[in-house]
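Hi,

Here is the structure I promised to send over. Have a look first, and then read on for my notes.

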Amino acid sequence: MESKCIFDGDEYLGFYFSSQCYNCSHYDSNQMSHICKAYPQGIPSEIWTGKVIHNTPYKQDNDIVYKKSV
C-alpha cells in the first residue's frame, strides 16, 4: 500500500493547520500548541508538516499512531 504525503508547507512554526493531525482523534485541539496523546511535549515537525505519515509507529510516539477522528 502506497502512502501519500500530506505536505502543508516548509516551516514547522509557520503552520497553523496540519491536515494529518487535525483529523486525528489523538490531537488536542484545545491547546495553543501542537500536542497530542502520542506527543504531549509537542508533535515533531516531520509529522506536523506531513513529511512523515504517522499511520505506523514513529520514534517516541508511545505506540500511539494516527486514528481518524469520528
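What share of the contacts in the protein chain with a separation of 6 or more comes from residues 24 or more positions apart? The figure is 49%. Bear in mind that this is a predicted model.

On confidence, the chain has a mean pLDDT of 81, with 77% of its residues at 70 or more. The pLDDT falls below 50 over residues 9-13, a stretch that still has 9 contacts in the model beyond near neighbours in sequence.

As for secondary structure, you'll find 2 helices and 0 strands. The chain has 70 residues, and 33% of them count as buried.

Now the inside. The largest nonpolar core has 9 residues: Cys-21, Tyr-27, Cys-36, Ala-38, Tyr-39, Ile-43, Ile-47, Trp-48 and Val-52. That goes with a general tendency: in soluble globular proteins, nonpolar side chains tend to be buried together. Take Cys-36 from that core: leaving out residues up to four places away in sequence, Cys-36 touches His-26, Tyr-27, Asp-28 and Ile-43.

There is also 1 cavity of 30 Å³ or more, and the largest cavity holds about 100 Å³ of space. Its lining comes to 14 residues, and Cys-21, Cys-24, Cys-36, Ile-47 and His-54 are the ones nearest the centre. Sorted by class, the lining has 11 nonpolar residues, 3 polar ones and no charged ones. Cys-21, Cys-36 and Ile-47 turn up both in the core and among the residues nearest the cavity centre.

Next, the segment after helix 2 (45-48), where Ile-64 is found. Is Ile-64 buried, partly exposed or exposed? Ile-64 counts as partly exposed because its relative accessibility is 22%, and the buried class needs under 20%. In sequence Ile-64 is 27 residues from Lys-37, yet their C-alpha atoms are 7.3 Å apart in space. Not counting residues up to four places away, Ile-64 touches Lys-37 along with His-26, Ala-38 and His-54.

Two backbone oddities to check while you're there. Most residues other than glycine have a negative phi. Gln-60, although not a glycine, has a positive phi of about 60°, and Asp-63 likewise has a positive phi of about 60° without being a glycine. Gln-60 lies in the segment after helix 2, as does Asp-63. Gln-60 is exposed, at 72% relative accessible area, and Asp-63 also counts as exposed, at 68%.

Cheers

Technical notes
Residues numbered from 1 in each chain as written. Predicted model: local features only at pLDDT ≥ 70, side-chain atom pairs only at ≥ 80, totals over all residues. Heavy atoms only, no water. 1 Å grid on protein atoms, 1.4 Å probe; cavity = no way out; pocket = protein on both sides within 12 Å on 5 of 7 lines; lining within 4 Å. Points joined across faces, edges and corners; volume = space filled by probe spheres on them. Nonpolar A, V, L, I, M, F, W, Y, C, P; charged D, E, K, R; others polar. Core = buried A, V, L, I, M, F, W, Y, C linked by side-chain atoms within 4.5 Å. Buried < 20%, exposed > 50% of the residue type's maximum accessible area, 1.4 Å probe, protein only. Contact = heavy atoms within 4.5 Å. Helix = DSSP H or I, 4+ residues; strand = E, 2+ residues; numbered from the N terminus. pLDDT = per-residue confidence, 0-100.
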